[in-house]
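Subject: Handover of a structure and findings

Dear colleague,

Please find below the structure that I am handing over to you. My findings follow directly after it.

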Amino acid sequence: MEKKKGVKKQKNVTFIGVRPINEYAKGIATQFTHKKEKEMIIKARGNNMEKAINVCEQVKEKFSKEKPILIKDVKIEKEKVTTEDGKNKTIQTIEIKLKQK
């Protein structure tokens with residue numbers, strides 16, 4: 001699939017891919033606790049959408065004891081991409097916004 005060119009890396013956005021769920025959850029928790037982020041965004045597409053939901057739930061369950069972490073917003077959309085062989089394909093995307101109280 002085609003990679004987006006010129007996409008800026010955002011410090012409060014986590015893109016879900018091949019790593020284990022607990023690694024993403026720990027990274028997000030670190031952003032909330034040590035980097036003092038008030039809001040984090042989890043993004044995924046295709047088969048990784050379920051993993052994004054599991055990451056969100058793990059962050060809420062394991063890392064929000066002192067200050068609650070809540071779901072602020074969820075967006076589910078479609079994105080058109082071009083595969084390596086030139087075919088157009090539509091895939092689902094999810095964006096979950098978490099906010100710490």
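How many bridges join S3 to S4? The count is 13, and the two strands run antiparallel to each other. Please bear in mind throughout that this is a predicted model.

Overall architecture

The chain contains 2 helices and 4 strands. Following the sequence, one meets these elements in the pattern β-α-β-α-β-β. Measured out along the principal axes, the box filled by the C-alpha atoms is roughly 50 × 25 × 25 Å.

The sheet

An open sheet is built from 4 strands in the order S1-S2-S4-S3, with mixed pairing. Strand S1 (13-15) and strand S3 (69-82) are its edge strands, each of them pairing on one side only. On average, neighbouring strands of this sheet are turned by 20° against each other, direction ignored.

Strand S4 (residues 88-100) pairs with strand S2 (residues 39-45) in the antiparallel sense, over 7 bridges. Within this pairing, Thr 93 in S4 stands opposite Arg 45.

The antiparallel pairing of S3 with S4 can be followed through individual residues. Ile 69 has Gln 100 in S4 as its bridge partner, and Lys 75 is partnered by Glu 95, likewise in S4. The hairpin of S3 and S4 has 5 residues between the strands, and in this hairpin Gly 86 takes a positive phi near 90°.

The helices

Both helices are placed against strands of the sheet, as follows. Helix H1 (residues 21-33) lies across S1, S2, S3 and S4, and runs at about 155° to S2. Helix H2 (residues 49-62) lies across S2, S3 and S4, and its direction makes an angle of about 5° with S4.

Salt bridges

Side chains of opposite charge can pair when their charged atoms come close. The model holds 4 salt bridges by the rule applied. One of them joins the side chains of Lys 43 and Glu 95, at 3.7 Å from N to O. This pair links distant parts of the chain, since Lys 43 belongs to strand S2 and Glu 95 to strand S4, 52 residues apart. Glu 95 thus appears twice in this account: as the salt-bridge partner of Lys 43 and as the bridge partner of Lys 75.

The second largest pocket

The second largest pocket encloses about 240 Å³ of space. It is lined by 14 residues, of which Phe 32, Thr 33, Glu 66, Lys 67 and Gln 100 are the closest to its centre. Which element supplies the largest share of this lining? Helix H1 does, with 4 residues. By class, the lining of the pocket is made up of 6 charged, 4 polar and 4 nonpolar residues. Gln 100, listed among the residues closest to the centre of the pocket, is also the residue of S4 that partners Ile 69.

With kind regards

Notes. Residues numbered from 1 in each chain as written. Predicted model: local features only at pLDDT ≥ 70, side-chain atom pairs only at ≥ 80, totals over all residues. Heavy atoms only, no water. 1 Å grid on protein atoms, 1.4 Å probe; cavity = no way out; pocket = protein on both sides within 12 Å on 5 of 7 lines; lining within 4 Å. Points joined across faces, edges and corners; volume = space filled by probe spheres on them. Nonpolar A, V, L, I, M, F, W, Y, C, P; charged D, E, K, R; others polar. Pairing = 2+ DSSP bridges. Axes fitted to C-alpha atoms, helices over the stretch in contact; angles between N-to-C directions. Contact = heavy atoms within 4.5 Å.
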